[in-house]
Amino acid sequence: MVMVPFNFTEFIDDLIYLVKKKVIPMDRIDDAVERILSVKFTMGLFENPLADLSLVNELGSQAHRELAREAVRKSLVMLKNGKNETDHLLPLPKKPKKILVAGSHADNLGYQCGGWTITWQGFSGNNYTRGTTILSAIKSTVDLSTEVVYQENPDKDFVKSTDFDYAIVVVGEHPYAESAGDSMTLAMADPGPTTIINVCEVVKCVVIVISGRPLVIEPYISSIDALVAAWLPGTEGQGVADVLFGDYGFSGKLPRTWFKSVDQLPMNFGDSHYDPLFPFDFGLKTESVPGLVARATSDGADWRPHPLMVTACLAFGLYFTGYRWRASEVELIW
């Protein structure tokens, strides 16, 4: 079987010519046809040539979307979390006063889906399929009091002049399939690098990379506080926000080496010149916020603090964290 979608008549003519000239033996043609027909007979395509439509209404169902959202959560790989070991940025707080969302991939379902999605080379925009962009997911996750400002490629002066608590930058590559994705540079799509510099050199930021493969990120890594490889999350951008804000922990690992520069390629685990930016199987982990709370509660179950310590800690917490006292409980305002 040969896939020639556009010039198939020329292919047929050339193949017949080569068989007649005995360049390609006829038994080679017979062998190929026999194997194809055997598969079709085994599948029952001659008895039932049309697709079974009984489950067609299940396509894109909520159950399917929930499963896809889970797959997104588990495939995210956290590559960096803080500029040092103690100053972590993730998970992000849900109740900041104002945050910035930037990047060409923050509000684009087509970019999230990549190639071979609805069209061969993929698409750009939000008009071809239902789904949740990462921007929409962020807005639905943070507190209603949080102001979410979205600018695809803000300039540095704008970022400096606005008091953002933190920024989320979503960049990557454009959709492609097959040879259309061949690249000698593996650079992220413009204006991605400029967006990272303009935002991350001014305010604390997490960069989310949307791509089907590792891209050049090493020149910007020192400016980035947190870095996440989200691959191609498809329609379920909410899965990204689930982990970003701590409802679930990061658990993914790199399925391949992330290089420093394309000059190193090809480079695989075990090579003598193996010197990656992030090695194969690398991935930082976090625990979900609910898990941390539960573990802290469990760890302290048998410990009884002095009443004065309880009073001091409670007063400190009420003042700085937004707790409010009710008759017999302290309730956290999320």
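## Briefing: a mixed six-strand sheet and what packs around it

Six strands make an open sheet here, lined up as β1-β6-β5-β4-β2-β3 with mixed pairing. Since β1 (77-81) and β3 (147-151) sit at the edges with a single partner strand each, one side of each has no neighbour in the sheet. From one strand to the next, the twist averages 15°. Bear in mind that this is a predicted model. In total, the chain has 10 helices and 8 strands, and buried residues account for 38% of its 334 residues.

**Inside the sheet**

- Strands β5 (residues 205-210) and β6 (residues 226-231) run parallel and are joined over 5 bridges.
- Within that pairing, Val207 has Leu227 of β6 as its bridge partner.
- Helix α7 (residues 192-200) lies across β2 (98-102), β4 (166-172) and β5, and runs at about 170° to β4.
- As for contacts between residues at least 6 apart in sequence, 70% of them join residues at least 24 apart.

**Nonpolar cores**

- The largest nonpolar core has 30 residues, and the members that touch the most others are Ile196, Val199, Val207, Ile217, Leu227 and Trp258.
- Two or more residues of this core come from each of β1, β2, β4, α7, β5 and β6.
- Leaving aside residues up to four places away in sequence, Val207 is in touch with Val169, Val171, Ile196, Cys200, Ile224, Ala226, Leu227 and Val228.
- So Val207 shows up twice over: Leu227 is its bridge partner in β6, and Leu227 is also on its contact list.
- Another core, of 29 residues, lies apart from the largest one; Ile134, Tyr166, Val228 and Leu244 are among its members.

**Salt bridges**

- Some background first: side chains of opposite charge can pair when their charged atoms come close.
- The structure holds 14 salt bridges.
- Lys98 pairs with Glu147, with 3.8 Å between the closest N and O atoms. Lys98 belongs to strand β2 and Glu147 to strand β3, so this pair ties together parts 49 residues apart in sequence. Glu147 is partly exposed, at 41% relative accessible area.
- Lys156 and Glu201 meet through their side chains at 2.8 Å, N to O. Lys156 is in helix α6 (residues 156-161) and Glu201 is in the loop between α7 and β5, so the bridge ties together parts 45 residues apart in sequence. Lys156 is partly exposed at 24% relative accessible area, and Glu201 is partly exposed at 46%.
- Arg213 bridges to Glu173, with the closest N and O atoms 3.0 Å apart. This one links distant parts of the chain, 40 residues apart: Arg213 is in the loop between β5 and β6, and Glu173 is in the loop between β4 and α7.
- Is Glu173 buried or exposed? Glu173 counts as buried, because its relative accessibility is 7% and the cut-off for buried is under 20%.
- Glu66, Arg69, Arg73 and Asp242 are joined up in a network of salt bridges.

**A glycine in a loop**

- Gly246 sits in the loop between α8 (238-244) and α9 (289-299).
- With a relative accessibility of 1%, Gly246 is buried.
- What does Gly246 touch, not counting residues up to four places away in sequence? Its contacts are Pro91, Ser288, Val289 and Pro290.
- Ser288 is 42 residues from Gly246 along the chain, yet their C-alpha atoms are separated by 4.9 Å.

**Helix geometry check**

- Helix α1 (residues 8-20) has 13 residues, so at 1.5 Å a residue it should span 18 Å; its end C-alpha atoms are 18 Å apart, in agreement.
- Lys22, just after α1, takes a positive phi of about 60°.
- Helix α2 (residues 26-43) has 18 residues, so the expected span is 26 Å, and the 26 Å between its end C-alpha atoms agrees.
- Gly44, just after α2, takes a positive phi of about 75°.

How values were computed: Residues are numbered from 1 along each chain as its sequence is written. This is a predicted model: local features need pLDDT of at least 70, side-chain atom pairs count only at pLDDT 80 or more; totals for chains, interfaces and linings use all residues. Side-chain values use heavy atoms; hydrogens and water are left out. Two strands pair if DSSP finds at least two bridges between them. Helices (H or I, at least four residues) and strands (E, at least two) are DSSP runs, numbered from the N terminus. Axes are lines fitted to C-alpha atoms, for helices over the stretch in contact, and angles run from 0 to 180 degrees between N-to-C directions. Contact means heavy atoms within 4.5 Å. Buried means under 20% relative accessible area, exposed over 50%, partly exposed in between (1.4 Å probe, protein chains only). The expected span of a helix is 1.5 Å times one less than its number of residues. A salt bridge is a side-chain nitrogen of Lys or Arg within 4 Å of a carboxyl oxygen of Asp or Glu. A nonpolar core is a set of buried Ala, Val, Leu, Ile, Met, Phe, Trp, Tyr and Cys residues joined through side-chain atoms within 4.5 Å.
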